[in-house]
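Visitor: I would like to go through this model with you, one question at a time. Could you show it to me before we begin?

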2 protein chains.
Amino acid sequence: MNLVQIDEVAQSIIKQAGERIKASLHTQMTITEKSSPSDLVTNIDMETEQFFVSQVNQHFPTHRLLGEEGFGDTITDWDGYVWIVDPIDGTTNFINQQRNFCITVGIYKEGIGELGYIYQVMTGEMISATKGQGAFQNGKQLPKLATTQFEDSLIGVNASWVAPNRHIDHTKVAELVKRVRGTRSYGSAALEISYVVTGRLDAYFSMRLSAWDVAGGMVIAEEVGAICGTLGGGPFDLLKNQPFIIANPALFDEIITYYLTPQTT
Amino acid sequence: MNLVQIDEVAQSIIKQAGERIKASLHTQMTITEKSSPSDLVTNIDMETEQFFVSQVNQHFPTHRLLGEEGFGDTITDWDGYVWIVDPIDGTTNFINQQRNFCITVGIYKEGIGELGYIYQVMTGEMISATKGQGAFQNGKQLPKLATTQFEDSLIGVNASWVAPNRHIDHTKVAELVKRVRGTRSYGSAALEISYVVTGRLDAYFSMRLSAWDVAGGMVIAEEVGAICGTLGGGPFDLLKNQPFIIANPALFDEIITYYLTPQTT
């Protein structure tokens with residue numbers, strides 16, 4: 001099966017998963033804490049990931065799947081095709097707001113992102129990309145990001161990174177907040193990445209993200225010219241939970257060099 | 001004309017204004033700085049307010065209008081009916097994102113809010129209320145807010161209030177950020193107020209808001225049991241630019257008393 005065919009099946013699975021999630025909004029959900037009171041999972045996250053596992057197994061028996069909720073495979077190498085799936089990115093929004101959450105999927109071959117998807121379930125906005133073929137918003141090609149300036153920019157920054165934290169010097173983040181036109185925070189990494197690749201935000205960062213949060217977005221980013229990386233500017237390692245930054249190329253270097261400096265104490 | 005009839009005309013004017021704004025997205029807009037580089041106005045804000053002025057004059061010649069862009073009346077008393085209008089709340093979002101902005105209107109009689117509207121133009125979500133008659137989301141009655149707890153709550157906090165600022169002790173805001181389930185920031189006071197009255201956020205505050213940002217929202221808030229006020233917990237004065245807080249009643253007092261304390265230096 002070629003990439004065009006995989007793309008077609010992937011988009012169909014994602015949209016079916018979205019319909020299942022929407023239907024679940026009328027049912028009673030079960031909410032469980034994972035690592036902390038702000039790290040939640042519902043039965044719908046788990047059922048949606050199981051749906052992906054069964055669909056991928058059925059359509060692509062040789063493909064493996066790395067999912068946030070652990071129903072896929074244990075991935076320690078990138079041989080062959082691997083689907084990297086977050087069934088509901090923004091689970092807290094799903095629970096508290098019944099909106100502003102995404103399904104996001106990256107399909108990697110030998111460790112290289114070939115296909116990427118961010119599907120905002122409640123609005124039906126599908127941002128997709130095929131490596132080397134461009135990125136699309138509901139099928140319409142997205143332009144390369146235009147250049148921008150700090151003073152005109154909107155940046156996705158959660159308030160928690162401006163408060164004292166273990167990861168970065170929050171006083172530098174406060175300087176960034178004061179320099180830009182404005183900051184926003186939507187509570188879903190995939191949603192914020194979808195905002196950067198469409199130019200609605202000019203940068204976004206978070207200190208603890210995993211492969212499933214960003215794998216789809218990274219494929220899309222490359223097609224529109226957004227730069228992704230970790231602290232210091234090096235590439236984000238999909239096998240680690242680590243800081244992630246995505247930005248307009250006009251802003252990336254300065255954000256990395258000046259505003260996001262690791263905690264030294 | 002009775003309130004039901006005023007409500008009908010008001011909703012019609014607001015929706016017409018929204019259609020005009022949507023049509024303008026395909027035209028070249030003119031952007032001007034007001035008080036600062038982050039305080040912007042476009043020709044569309046101004047044309048929309050002028051549309052409100054002409055419509056209100058036509059339908060209700062005795063009503064006065066207080067608008068953000070200054071095309072209405074100079075209001076120093078609250079005699080009779082006053083429409084308090086923000087033609088585009090979230091102008092930066094309008095410019096940078098072409099979404100996440102609202103038209104908001106409060107219709108006050110002798111200084112008492114009788115009708116309130118927050119219309120999210122791009123989604124078509126109309127939140128409305130008539131004093132004593134309840135609040136509605138596209139015509140469907142909104143329930144009273146359920147009680148909540150800090151640990152389960154989502155709060156609208158812009159990162160700028162967690163950075164050092166002239167208005168409040170940012171270290172206390174940082175404590176609040178760490179205590180709640182999460183924070184969000186959408187860049188439109190009216191949008192964030194619409195999220196609180198629908199229970200999608202449990203509180204929102206900003207230190208410099210004006211009558212046109214909150215007048216419509218305050219009417220809606222009363223109908224669902226959300227509490228509004230300024231620093232210290234007293235009522236928000238519609239003739240001043242001042243701090244504004246809206247919260248679930250389970251959170252309001254503690255936010256006011258412990259987390260939002262005026263700068264003393």
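Visitor: Which residues of H5(A) meet H6(A)?

Guide: This is a predicted model, in which local features need pLDDT of at least 70, side-chain atom pairs count only at pLDDT 80 or more, and totals for chains, interfaces and linings use all residues. Residues are numbered from 1 along each chain as its sequence is written, while chains are lettered from A and ligands numbered from 1 in the order in which they are written. Taking two residues to be in contact if their C-beta atoms, placed from the backbone, lie within 7 Å, the H6(A) side consists of Asp213(A), Val214(A), Gly216(A), Gly217(A), Ile220(A), Ala221(A) and Val224(A), and the residues that meet them from H5(A) are Ala189(A), Ala190(A), Ile193(A) and Val197(A).

Visitor: At what angle do helix H5 and helix H6 of chain A pack?

Guide: Helices here are DSSP runs (H or I, at least four residues), and strands are runs of E of at least two, numbered from the N terminus. Axes are lines fitted to C-alpha atoms, for helices over the stretch in contact, with angles running from 0 to 180 degrees between N-to-C directions. The axes of H5 (residues 189-197) and H6 (residues 211-224) of chain A are 9 Å apart, and the angle is about 0°.

Visitor: How many residues does chain A bring to its contact with chain B?

Guide: Of the interface residues of chain B, 100% are also interface residues in chain A, so the copies meet through the same surface. Chain B supplies 25 residues to this contact, and the number from chain A is 25.

Visitor: Is Leu251(B) buried or exposed?

Guide: Leu251(B) sits in helix H7 (residues 249-259) of chain B. Beyond its neighbours within four places in sequence, Leu251(B) is in contact with Thr148(B), Phe150(B), Ser153(B), Asp202(B) and Ala203(B). A residue is buried if 20 or more other C-beta atoms lie within 10 Å of its own, exposed if 12 or fewer, and partly exposed in between, with C-beta atoms placed from the backbone. Leu251(B) has 22 C-beta neighbours inside 10 Å and therefore counts as buried.

Visitor: What share of the 265 residues in chain A is buried?

Guide: The secondary structure of chain A comes to seven helices and 14 strands. Its C-alpha atoms fill a box of roughly 50 × 40 × 35 Å, taken along the principal axes. Among the 265 residues of chain A, the buried share is 50%.
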